[in-house]
Structure formats: structure tokens, C-alpha cells
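Student: I would like to go through the surroundings of the ligands and ask, for each term, what justifies using it.

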Amino acid sequence: MVDVLLGLQWGDEGKGKIVDFFAKDYDVVARFQGGPNAGHTLYVQDKKVVLHQIPSGVFHPGIVNLIGNGVVLDPVTLKKECDTVASFGIDLKKNLFISKRTHLILPTHRALDKAAELSKGNQKIGSTLKGIGPTYMDKTGRNGLRVGDLLDKNFTTQYIKLRLKHQRLLDNYNFQEDITAWEEEFFEALEFLKQLNIVNGEYFINEQLKAGKRILAEGAQGSMLDIDFGTFPYVTSSNTISAGVCNGLGVAPQHIRDVIGVTKAYCTRVGGGPFPTELDNETGEELRKIGNEFGATTGRPRRCGWIDLVALNFACMINGVTKIVMTKADVLDAFKELDVCAAYKVNGIETKEVPFQMDREKPEPVYRQFAGWDTPSSKATKADELPATMKTYVDFINKYLGVDIHYISNGPGREQIIKVK
Ligand code: GDP
Ligand code: IMO
Ligand code: MG
């Protein structure tokens, strides 16, 4: 069976920490979409590690980790990440596998990402500039190169052909930067990549299923950044929702059991695009400071606001969420009053639906107010030590969404998580 763990908001919900926590219950952890735009933070031997492409189960020696075909892979980032992981004594030869069908991010994809963003002016997406969009464009445009192509003797010829195509596009953008150094590191990293376990990912995962192994599919980004259902065009370029697991790994839908959705106790967004509950004031500033809301990949300050149940309800619906994990509850320790967005007002009319184009329809949040925690939460280790007011907050969310919060995370540490259901 396959359980899915994914973000219900605009990313950075704490997926890395939660995958790492649940990993002991699984035999395989697999990434099914996204690329090095992800930054999943975990603490290993009290050291902070940020993973971009390697699944967050990698620090558990008995667990097999798969980078699936739906991922886009930057060999340079992968090599750096492998070095970090290996420095903890992890043998990647034993526990990391990469699908042949995974598309490669080329240096020119990164250049194109940068050039395209620059050309958008103040309508820019706020991309992480890791080459994600252009690589997925080459996949759907049927031009891209895949990890399996590396094993073909014509790889360099194919590379040169695609590079020339990219150069014409870069010339159109009048992109002048010299990317020779990027190409040098890229080819060096390809040699490293060739030494790793490259497999037919779809057979690999289905053999694991047949053998009765338990698989956890680890989502990147968040549901509101999904290419189809997110706040388009301010989204990423892959299907971040549970449906992405089937085509991103090659598993049939009937194998999927639980869909575990991760949400913060409030909400953040990094990059451009609509964010109805954003607090562009002192409260937002405080959330950012206390929650240390700065991008794990780019270091950019994250925009902060109250929890948005309209968007969360939408995310639960499109993902088929069966269990929720609420993270960063401790960050709200400092607030006397908490707002919860329970509806939107669009053109003066109240609705509980996410509008087609948030950008144009500009939904205003309709808030319900809750008392802040009556006692600090970060020291709690059991459900009955959590503040009574937190229970009221959680009960309201559970009832609204029709799905229950099963775990509450009350600090970044590996052990700071409490089962509440
Ligand atoms: P991901 O992309 O979803 O894996 O999330 P990130 O790693 O980008 O961002 C989440 C941040 O919150 C990281 O710095 C985590 O260490 C931190 N974090 C995770 N859970 C908690 C929590 O319950 N409380 C606090 N204070 N920090 C947390
Ligand atoms: P994790 O997995 C938060 C955002 C970017 C930008 C938009 C498109 O750590 O939760 P892209 O690089 O895909 O062209 O960026 O999506 N974004 C993320 N925001 N967490 C992420 O990943 C993100 N990955 C992309 O900021 O607005
Ligand atoms: Mg992140």
C-alpha cells in the first residue's frame, strides 16, 4: 500500500520533519514530483539538514528512497546533497534509487527560468529559479533529456541539440550571462549521477508493492501551488496533489490508502500571487519572526497570515485527505487572539468556495475569532498537556473540514510532535 504525505497550503508546511517522523513505519519513501525548488528541513543528530531532491526518509538506514519519474532532477544539487547525507554515514548505494524516466534539469533550463522571470517584470511568479518550469516545459514539449539517456552513447549529441534550441530562446530574451561554469559542474555531476542506482522506477515500486512493502509518497510544494488547482499562474509546474502520485511513480490509484495532509496552524506563502489571509502588518511580522519564516531554499522572507479554512477545505477535497497533521502550533503561543478564515467575501457575497481566479476576484477573508493558547504549548509532550484553548481551535477546524487533525507538531525538533487522535 501507498500512503501519501503532502502540503495543503503554499508549501513549507513542515513536510520534511513529518516524513522523517513517520518514516519508521515505512519501507520505502518516494518523491513523485517537483525538484530542487523544494527545501525540506529535518534535524539529524541535532544538526539541521535541508533536503531538496532526496526523499526525507534517507536518514533511516533500513529505508529505501526513490526519486520517481515525476521529479525533475538537477545533478549538481543532487551531488551536493549526496555529499551531505554521506557525511552522516549513510550509504547511498544501499538506500537511494533514481528512476530512468526522471527528467534532467540542464544549466540552460536554469538560465531560461531566470530570463523568463526577468521578462515578467512586476508580474513575476517569484520562482526559485532552479529551472523547474522550463524543464517541465521540455517534458510536455517532448524535448527533455532523462536520467536513462545518460546511459546512451548519444547523450552528448542529444545535449548539444537541446542546448542549441535553448540558446535561441535565450538570445530572444537577450540573456547575456556566461553559463560555462554551470556547464562544467553539470558534466562533473553527471559522472557522479551515473554511479548511483538508476532503475526502472515503475517496476521497482511495483515490485516493492507486490512484496507487501509499505510506501510513503512525499509531496513537495503545496496543494495551492498545484499546476491545475493552485492559484494559477502563481504556481509551480507539476501536480503537487495526491493524483500526482500515480503518474509521478507509476502506481495505480487502488494502491493508495491514507492521504496525510500537512498544514501550519497559520499560513505562509513565499513568492508572488494571491494570499487572502496575508497580514501585511505587525502581526504578520511577528509570525515571521517567531516562526522563523524564511525560505529553506532561497532564504526569502515568507509572507505570513492566519489559517485559511476555505483554501484548506478545497485542498482536502482535491486530495482526498484522510488525516491532518498541524505543524508550528507553538508559534501561536505568543498571540492573545487568533483569527481563522471561515469564508470569503467576493463582490460582497459570502462564499466557502475558492474562486476561479483569486487574482481578479480578490476574496476578502471572513474571520472567526478564537482565544490564544492559555498556556505555552512547546513544552507539551502529551495531548492532555496541550492548552485547552488549542483544543477549541482544533475542534473547530476538524468540524469545518470534516477531516481530523491526528498529530500536532509543537516545535522543530524530531520529538516535538503529539498524537491527538
Ligand atoms: P517543508 O518544505 O514543508 O518540508 O517545510 P520547510 O522545511 O521548508 O519549513 C518548515 C520550517 O518549520 C523548518 O524550518 C522546520 O524546522 C520548522 N518546523 C517544522 N515543524 C515545526 C513546528 O512544529 N514548530 C516550529 N517552531 N518549527 C517547525
Ligand atoms: P517545499 O517543497 C514554498 C513557489 C515559489 C514560486 C512558485 C513557483 O519546500 O514546500 P518554481 O521554483 O516552481 O518556479 O516556483 O512556487 N515554491 C515554493 N514555495 N515551498 C516550496 O517547496 C516551493 N517550491 C516552489 O516561491 O512562488
Ligand atoms: Mg520548504
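Student: What makes the pair formed by a backbone N or O atom of glycine 16 and an oxygen atom of ligand 1 a polar contact?
Tutor: In this predicted model, the backbone atom of glycine 16 lies 2.8 Å from an oxygen atom of ligand 1, and because a polar contact is a pair of N or O atoms within 3.5 Å, the pair qualifies. A backbone N or O atom of glycine 14 also lies 2.8 Å from an oxygen atom of ligand 1, while a polar side-chain atom of arginine 302 lies 3.2 Å from one.

Student: How much of ligand 1 does the protein bury?
Tutor: Taken alone, ligand 1 exposes 590 Å², and the protein buries 93% of that.

Student: Why is ligand 1 said to sit in a pocket?
Tutor: Ligand 1 is assigned to the second largest pocket, because sitting in a pocket requires that more than half of a molecule's atoms lie within 2 Å of the pocket's grid points. Helix H1 (15–22) and strand S3 (40–44) are the elements that give two or more residues to the shell around ligand 1, and this shell draws at least three residues from each of domain 1 (2–99 + 199–260) and domain 3 (263–419).

Student: What makes the valine 270 pair with ligand 2 a polar contact?
Tutor: A backbone N or O atom of valine 270 lies 3.0 Å from an oxygen atom of ligand 2, and the cut-off is 3.5 Å, so the pair counts. Taken alone, ligand 2 exposes 560 Å², of which the protein buries 97%.

Methods: Residues are numbered from 1 along each chain as its sequence is written. Chains are lettered from A and ligands numbered from 1 in the order in which they are written. This is a predicted model: local features need pLDDT of at least 70, side-chain atom pairs count only at pLDDT 80 or more; totals for chains, interfaces and linings use all residues. Side-chain values use heavy atoms; hydrogens and water are left out. A polar contact is a pair of N or O atoms within 3.5 Å; within protein, one must be able to donate a hydrogen and the other to accept it, and residues adjacent in sequence count only if both atoms are side-chain atoms. Accessible areas come from the Shrake-Rupley method with a 1.4 Å probe; for residues, only the protein chains shown count as cover. On a 1 Å grid over the protein atoms alone, a cavity is a set of points where a 1.4 Å probe fits but cannot get out, and a pocket is an open set with protein on both sides within 12 Å along at least five of seven lines; lining residues have an atom within 4 Å of a point. Helices (H or I, at least four residues) and strands (E, at least two) are DSSP runs, numbered from the N terminus. Domain bounds come from an automatic or database domain assignment.
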